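Biologist: Please take one part of this model and go through it closely. I would like a single connected account of its surroundings, its strand partners and its ring contacts.

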Amino acid sequence: MKKLFAIIGIWVSPTLLWAQHVYEVKGKVTDEKKEGLPFATVKALQVPDSIWVKGEVTQVDGTFQIALPSSGKYRLAYSMVGFKTQMTDVFEVTPQNPSVILPEQALLGEEKTLQAVTVRAKKPFIEQTLDKTVLHVEDSPLAGGSTALE
């Protein structure tokens with residue numbers, strides 16, 4: 001039994017030592033009124049080629065926390081429907097500084113005006129409910145152009 005515990009200890013200890021470096025970045029996304037934006041998208045991009053590393057969605061109060069896979073230089077891209085996408089300056093995560101707290105990022109509103117919207121609906125030819133099946137004859141392709149005299 002002691003040998004079993006020794007083998008498990010030898011097997012687990014390198015894993016625990018390796019898992020001690022946790023790199024993360026924290027921050028908050030707000031609107032122009034400095035109110036937290038819930039469910040905004042925050043993407044971590046690795047510098048210099050802006051490869052997507054990890055993404056998160058902000059909490060209800062606009063805060064986020066992203067666990068990064070390794071040390072290095074990163075930048076964040078913030079986006080949300082109705083707001084312009086913005087990016088942070090480059091920051092570095094190192095073993096000496098594994099946790100970076102960024103200042104609040106205010107997203108600016110983006111206005112788009114639609115020219116016109118047309119909504120069209122068509123009743124289905126066959127409608128099924130729990131107790132019956134309804135066949136709408138007026139929507140049949142065979143009913144077009146025909147009269148009772150034909």
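**A close look at strand S5**

Modeller: Ser79 has its place in strand S5. The model is a predicted one, and every value below is computed from it. Ser79 counts as buried because its relative accessible area is 19% and the limit is under 20%. Apart from neighbours within four places in sequence, Ser79 is in contact with Ala40, Thr41, Thr85 and Leu107. Of these contacts, Thr41 belongs to strand S2, which covers residues 41–46.

The strand around Ser79 is mostly covered too: 6 of the 8 residues of S5 are buried. In general, the side chains of a regular strand alternate between the two faces of the sheet.

Next come the strand partners. S5 pairs with strand S2 in the antiparallel sense, over 6 bridges. Within that pairing, Gln46 has Tyr74 of S5 as its bridge partner. S5 also pairs with S7, again in the antiparallel sense, over 3 bridges. There, Lys73 has Glu92 of S7 as its bridge partner. A further antiparallel pairing joins S5 to strand S6 (residues 86–87) over 2 bridges, and in S6 it is Met87 that stands opposite Ala77. S5 and S6 form a hairpin with 6 residues between the strands, where Gly82 takes a positive phi near 90 degrees.

That leaves the rings. The structure holds 2 aromatic pairs. One of them is formed by Tyr74 and Phe91, with 6.4 Å from centre to centre and 35 degrees between the planes. The two rings count as a pair because their centres lie within 6.5 Å. The arrangement is called tilted because 35 degrees is neither under 30, as stacked rings require, nor over 60, as edge-to-face rings require. Tyr74 lies in strand S5 (residues 72–79) and Phe91 in strand S7 (residues 91–93), so that the pair links parts of the chain that are distant, 17 residues apart. Tyr74 is buried, with a relative accessible area of 1%. Phe91 is buried as well, at 9%. Both rings count as buried because each value is under 20%.

Taken together, Tyr74 is the bridge partner of Gln46 and also forms the tilted pair with Phe91. S5 itself pairs with S2, with S7 and with S6.

How values were computed:
Residues numbered from 1 in each chain as written. Predicted model: local features only at pLDDT ≥ 70, side-chain atom pairs only at ≥ 80, totals over all residues. Heavy atoms only, no water. Phe/Tyr/Trp six-rings, centres within 6.5 Å; stacked < 30°, edge-to-face > 60°. Helix = DSSP H or I, 4+ residues; strand = E, 2+ residues; numbered from the N terminus. Buried < 20%, exposed > 50% of the residue type's maximum accessible area, 1.4 Å probe, protein only. Pairing = 2+ DSSP bridges. Contact = heavy atoms within 4.5 Å.
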